[in-house]
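Good morning, colleagues. Please take a moment with the sequence and the structure on the screen, and then I shall go through a few points.

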Amino acid sequence: VCGEAHAINVGDCIYALALRSVERMRERGSPTDRVGELLSLLARTAVDLTVGQMRDITFETVVDIGVDDYLSMSEGKTAALLKATTYGGSLVGSGDRATAEAFGEFGRRLGLSFQIRDDTLGIWGTDRRTGKPTGADIRRRKKSLPVVLALAHATPGHRAELQRIYTQAGPVGPDDEQVVTEVLEATGVRDRAQHQARRHRGEALSVLAPLARRAGPAARAHLDALEVLADFVTERDH
């Protein structure tokens, strides 16, 4: 609406307002040490997000990316944010560090599921549902998990086609985009990626299982709501 320069400036201001909002928790009776921890958490998370996003952008110009590289990038770009929100919210709500650690781990693992599902939508999602141009991730040469898996599991011929397209200097045109889509379909990476997303969802919920066994009716209802959220994150089409 107002241009990139103003958007960056407003983003910086919103981050500063987030810090002020946490700091004002003291006025609402939160212990000073807890507020200090949340401020530190917010700052560390901002750094993790920045580094993760930097790696994601860098991966667009590098072909030799493995699954471990992808997961490490996703830990910063996405999982760190969900971990901070679930850990911080639990710490404020319960005041119990062990409980907060469990919720933080839930958020981290769910963040990985979220990112993997986002990657599949970035290739196979429709712009009508996602609000993003169909195939945009292919045109940007993003090393999303389906592409990383295809490079690892494709036949030599298909791998050579992917490497050619992802290393060429010019833009990815419609013909090359079609080739990438066909290779990904032939390699079966959509199902492989979705399997990974569901595995991380299962691991996220398993972290909360001990809490659910001890929870009363009210707390269990909230945990059930988190399970519904986890299902949505993993299976959504938008």
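A residue is called buried under 20% relative accessible area, exposed over 50%, and partly exposed in between. I ask you to keep those cut-offs in mind, and also that this is a predicted model.

Let me begin with the cysteines. How many disulfides does the structure hold? The count is zero. Cys-2 takes part in no disulfide, and its nearest cysteine sulfur, which belongs to Cys-13, is 13 Å away. A disulfide requires two cysteine sulfur atoms within 2.5 Å, so a separation of 13 Å does not qualify. For Cys-13, likewise, the nearest cysteine sulfur is that of Cys-2, and Cys-13 is in no disulfide. As to accessibility, Cys-13 has a relative value of 42% and therefore counts as partly exposed. Cys-2 has 60%, so it falls in the exposed class.

I turn now to the overall fold. The secondary structure of the protein chain consists of eleven helices, with zero strands. Read along the sequence, the pattern is accordingly one α after another, α-α-α-α-α-α-α-α-α-α-α. The C-alpha trace spans about 60 × 45 × 30 Å along its principal axes. Of the 238 residues in the chain, 39% are buried. The chain exposes about 12900 Å², and carbon and sulfur atoms supply 57% of that area. With regard to contacts between residues at least 6 apart in sequence, 68% join residues at least 24 apart.

Next, a feature of the surface. Which residues form a nonpolar patch there? They are Val-47, Val-51 and Met-54, and together they have about 260 Å² of accessible area. Met-54 is placed in helix 2, which covers residues 32–59. Its relative accessibility is 48%, and Met-54 therefore counts as partly exposed.

My last example is Thr-187, in helix 9, which covers residues 174–187. Is this residue buried or exposed? Thr-187 is buried, because its relative accessibility is 13%, under the 20% cut-off. Leaving aside residues up to four places away in sequence, Thr-187 touches Ala-150, His-153, Ala-154 and Arg-192. In addition, a polar atom of the Thr-187 side chain lies 2.6 Å from the backbone oxygen of Val-183.

To close, I would set two residues side by side: Met-54 is a partly exposed member of helix 2, whereas Thr-187 is a buried one of helix 9. Thank you for your attention.

Notes:
Residues are numbered from 1 along each chain as its sequence is written. This is a predicted model: local features need pLDDT of at least 70, side-chain atom pairs count only at pLDDT 80 or more; totals for chains, interfaces and linings use all residues. Side-chain values use heavy atoms; hydrogens and water are left out. Patches are made of residues with over 30% relative accessible area and no salt bridge: like charges are joined within 9 Å, nonpolar side chains (Val, Leu, Ile, Met, Phe, Trp, Tyr) within 5 Å. Accessible areas come from the Shrake-Rupley method with a 1.4 Å probe; for residues, only the protein chains shown count as cover. A salt bridge is a side-chain nitrogen of Lys or Arg within 4 Å of a carboxyl oxygen of Asp or Glu. Helices (H or I, at least four residues) and strands (E, at least two) are DSSP runs, numbered from the N terminus. Buried means under 20% relative accessible area, exposed over 50%, partly exposed in between (1.4 Å probe, protein chains only). Contact means heavy atoms within 4.5 Å. A polar contact is a pair of N or O atoms within 3.5 Å; within protein, one must be able to donate a hydrogen and the other to accept it, and residues adjacent in sequence count only if both atoms are side-chain atoms.
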